[in-house]
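Hi,

Here is the structure I promised to pass on. Have a look at it first, and then read my notes underneath.

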Amino acid sequence: MTPTIDSDRLWQSIMDMAEIGPTPEGGSCRLALTSEDTAARALFLRWCKPLGLHHDQDAIGNMFLRRAGSDTTAPAIAFGSHLDTVPTGGRFDGIAGVLAGLEVLRALHDAGIATRAPLELVNWMNEEGSRFSPAMMGSRVAAGELPLARALAITDDAGISVAQALADSGQGGALTPAPRDWSAWLELHIEQGPVMEATGAEIGIVVGTMHARYFQITVTGEPSHVGPTEMNRRHDSLAAAAEVIMEVERAGLAAEPGGRASTSWIENTPNARGNVPHITRLHFDVRHNSQEAAVAMDASLRQSMSGIAERRGVRIDVNPYAAFGPIAFDRRLGALLRQKAAARQLTTRDMIAAAGHDSVFMAPLVPSAMLFVPSVAGITHNPKEYSTKEQVARGAQVLLDAVLELAGI
Ligand SMILES: [Zn+2]
């Protein structure tokens, strides 16, 4: 008999976690490896303590909480997500996955159930990528997609490196980041979109992800005075970047419903009143269900940018610094989640994830699957991000049922 998730306890944990790095509008701000993120990790460990888990941490700051199985040679069943947030974070993105995983372990602990295979609950470091880019950094490094040394040298906008932030926060562990001995990886996440609510689906079975391509561009013009310099003699990097931003948005609009594109970061130099800017840097990404379509968006944006550069007499350097997907998640695990949801009389819908997730980097290494719970009105990366207690608990129950079947008793 499968134990039942304690929906009140799970909900209370999510609400308590949100009190770390609270924002005035009711959300959370816990950028990776800040004091808020460190406090969230400490609270998480305090909650894990009574469960008798073995805690391992690797050199990029990923946390692994292991519950022993009766078969000491069996690979583990792993699950989790991330506790870091974007600056305008809500209470659920990533957190729901980690704390649903915690609730799975609590429920098994309370029921006195020992599984055959060990279980491993994971909190990935810097999933959001708001402070240190690229996103999904911890899982990327663990998967060997990003060399540890390169990740450690990446700096935030204040010039603090990942290595420094890990040392300052005490979050750099002894373990060398590497793929772990797992036979399955499961991640519960909020949908972050409106589809499940609109269609009445209670559990989303994520069958795959979009293809995403990330860019940093540097627009280089010429510094000059905003007064005397005649308009036609200016090489204004910010004005050129503004055109790029609009082109990126147009590319996203033209690619709907399958595609998306957004500029999310800007740095302007010298950013001084009285000066025509001469160096402007942007980060943007394009994504699409179809890889060919994303490549076409990429190509058309490069063409637009070279036109802008030529017309304005500026230089635009394009650095395509990361990409992921499209990923197809494990069909057998997807079927298991579908079956476990049906056994609980929950309606399901197959979904494609438009956001990046740590599961993207697990999928090539180990059979992987994701399940979504609905996001009210599809709002996310926003303090208004919300899923109900029941919605989160249903997802956690399906996660528990699937974990128990995979791990065996
Ligand atoms: Zn997330």
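Below is what I found, starting with the domains and ending with some single residues.

One thing to keep in mind throughout: this is a predicted model.

**The two domains**

The domain assignment splits the protein into domain 1, made of 7-210 plus 326-407, and domain 2, which covers 211-324. So that you can find your way around: taken over C-alpha atoms, the centres of the two domains are 33 Å apart. Where they meet, eight residues of domain 1 are in contact with 12 residues of domain 2. The domain 1 side of that contact has six nonpolar residues and two polar ones, with no charged residues.

**The four-stranded sheet**

Next, look for an open sheet of four strands in the order 9-11-7-12, with antiparallel pairing. Strand 9 (259-269) and strand 12 (315-324) are the edges, each pairing on one side only. On average, neighbouring strands here are turned by 15° against each other, ignoring direction.

Inside the sheet, strand 7 (residues 211-220) and strand 11 (residues 279-288) run antiparallel and are joined by 10 bridges. If you want a spot to zoom in on, valine 219 stands opposite threonine 280 of strand 11.

Which helices pack on this sheet? One is helix 8 (residues 237-255), which touches strand 7, strand 9 and strand 11. The direction of helix 8 makes about 170° with that of strand 9. Another is helix 9 (residues 291-312), which touches strand 7, strand 9, strand 11 and strand 12. Helix 9 has a direction at about 155° to that of strand 11.

**A hairpin**

Strand 1 (residues 54-57) and strand 2 (residues 63-67) run antiparallel, with four bridges joining them. Histidine 54 stands opposite arginine 66 in strand 2. The two strands form a hairpin with five residues between them, and glycine 61 in the turn has a positive phi of about 95°.

**Helix 6**

Helix 6 (residues 162-169) has Val162, Ala165 and Leu166 as its buried residues. They lie on the same side of helix 6, because they cover an arc of only 100° around the axis. Part of what covers these buried residues is known too: it includes helix 5 (148-153). Right after helix 6 comes glycine 170, with a positive phi near 70°.

**Arginine 41**

Is arginine 41 buried or exposed? It sits in helix 2 (residues 35-48). Arginine 41 has 23 other C-beta atoms within 10 Å, and the cut-off for buried is 20 or more, so arginine 41 counts as buried. Setting aside neighbours within four places in sequence, arginine 41 is in contact with Met63, Leu83, Asn123 and Gln171. Take leucine 83: it is 42 residues away from arginine 41 along the chain, yet their C-alpha atoms are separated by 7.6 Å.

**Backbone details worth a look**

There are cis peptide bonds to check. The bond from serine 133 to proline 134 is cis, with omega near 10°. Proline 134 lies in the loop between strand 4 (119-123) and helix 4 (137-142). The bond from glycine 325 to proline 326 is cis as well, with omega near 0°. Proline 326 belongs to the loop between strand 12 and helix 10 (331-343).

Then come positive phi values in residues that are not glycine. Asparagine 271 has phi near 50° and lies in the loop between strand 9 and strand 10 (275-276). Asparagine 271 counts as exposed because it has 12 C-beta neighbours inside 10 Å, and the cut-off for exposed is 12 or fewer. Glutamine 345 has a positive phi of about 60° and is found in the loop between helix 10 and strand 13 (348-353). With 8 C-beta neighbours inside 10 Å, glutamine 345 counts as exposed too.

Over to you, and shout if anything is unclear.

Cheers

Note on methods:
Residues numbered from 1 in each chain as written. Predicted model: local features only at pLDDT ≥ 70, side-chain atom pairs only at ≥ 80, totals over all residues. Pairing = 2+ DSSP bridges. Axes fitted to C-alpha atoms, helices over the stretch in contact; angles between N-to-C directions. Contact = placed C-beta atoms within 7 Å. Domains from an automatic or database assignment. Nonpolar A, V, L, I, M, F, W, Y, C, P; charged D, E, K, R; others polar. Arc of directions from axis to C-beta.
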